[in-house]
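Here is a short tour of a few local features, written for someone who likes to check each point against the coordinates. Please have your viewer ready.

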Amino acid sequence: MSLTNCGRMEAVLYAAFALCFLTTSSVHGDSLTVLQAPEFVSFQKGDWPVSGEKIPDLVALTMGFSIQEDLAWPGLQAGPLFQRPRANILVVVRGVDSLSFPQSVASYPLENPVPFTLDNVAETVHSLFAEDTPVVLQLAPSEERLYMLGKANAVFEDLPVTLQQIRARLSQDGSVLNSLPLNSLSRNAEADLLFLSEVQVLHDITALLQRHKHLAKDHSPDVYSLELAGLEELSRLYGQDSPQYQDAKAILASVLQKFGEDVYGLYGNTAVVEVVTVKAFEAPLTRKSRSILQSRQISNPGSPYNLAYKYNFEYAVVFNIVLWLMIALALAVIAISYNLWNMDPGYDSIIYRMTNQKIRMD
């Protein structure tokens, strides 16, 4: 073989290796995956990165709420004005950059993976639909953190929250231990039980929603925010190349796929289900823990902290009535004043006309 052919072959191999490297590097990394979405919520397929701090704004836009700053991201297109999803379910998985889902609507790379919460979205839902008592559920089993508002207080009051309660749930009827292929995972290891307890919570949420199907038929949107850290503990204990970690990834991908399909079907195919996979957050998130059945007060006029008053959803209606009534009255006053100013008393006023006739007769 000549030196020229050897050089060409070497160049071809180098180009193929570079292409393979670029393709591999574009796939790996933190990601946002949309598992389920109705047809009127249009997610475009592409590699447009989305920042972690913009995830709450993205969730708000999918539910039809306004945000403070425009989201210049082409992945989500504007949908119909009078069609909005009935629920948004966001699952954050820590300790893994991506999961292999059999089916998904779209997937996008995640940049700047900073911690975020859906507190603002939950506040908006609760303030706009306070009378309908929507379901607001924020849950992190690894941190024993649970926040519920509205109908969630009655529906999910039996949901196990603490690790002790969840582990006790694993030994009861309907446990996922009887249906999942554990493979290399152990029922006695702490990290393995933490991961399995999170899977059990997903299963119990679906079971409770199936028992209370009326939640998906009301007019108020629901918000679910779940944070899972079991894979992070398995990665820290066994390593990412361990069979325990690989088996847990496969189990979680399958469970989340089924979880998304079940919730999507319960809400009549009008729910958005997203999964955010993050290897590690860039900054720790500090939050105050809330009690299980706590319903936070929106406003307190007597509070010394200068809090805003509770927003009334009738404010916009009253404001428009007063505004347009004032404009109509102002225009009426202007029109009347103009006509009076340009009025001829001898021809336009019946008083002066009768007076003139009386004078002439005299």
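What follows covers an aspartate in a loop, a helix with its packing partners, and a cavity.

Keep in mind that this is a predicted model.

Let's start with Asp 218, which sits in the loop between helix 6 (190–211) and strand 9 (222–228). Is Asp 218 buried or exposed? Its relative accessibility is 16%, and because the cut-off for buried is under 20%, Asp 218 counts as buried. The side chain of Asp 218 also has a partner: a polar contact of 3.3 Å links it to the side chain of Ser 220.

Moving along the chain, helix 7 spans residues 230–238, and its buried residues are Gly 230, Leu 231, Glu 232, Leu 234 and Ser 235. Which elements do these residues pack against? The table lists them.

| Packing partner of helix 7 | Residues |
|---|---|
| Strand 5 | 87–94 |
| Helix 6 | 190–211 |
| Strand 9 | 222–228 |
| Helix 8 | 243–266 |

Just after helix 7 comes Gly 239, with a positive phi of about 100 degrees.

Now for the empty space. How many cavities of 30 Å³ or more does a search of the whole structure find? There is one, and the largest cavity holds about 40 Å³ of space. Its lining is made up of Leu 209, His 212, Lys 213, Leu 215, Ala 216, Leu 266 and Tyr 267. By residue class, that lining has five nonpolar residues, one polar and one charged.

Terms used
Residues numbered from 1 in each chain as written. Predicted model: local features only at pLDDT ≥ 70, side-chain atom pairs only at ≥ 80, totals over all residues. Heavy atoms only, no water. Helix = DSSP H or I, 4+ residues; strand = E, 2+ residues; numbered from the N terminus. Buried < 20%, exposed > 50% of the residue type's maximum accessible area, 1.4 Å probe, protein only. Polar contact = N/O pair within 3.5 Å; in protein donor to acceptor, adjacent residues only side chain to side chain. 1 Å grid on protein atoms, 1.4 Å probe; cavity = no way out; pocket = protein on both sides within 12 Å on 5 of 7 lines; lining within 4 Å. Points joined across faces, edges and corners; volume = space filled by probe spheres on them. Nonpolar A, V, L, I, M, F, W, Y, C, P; charged D, E, K, R; others polar. Contact = heavy atoms within 4.5 Å.
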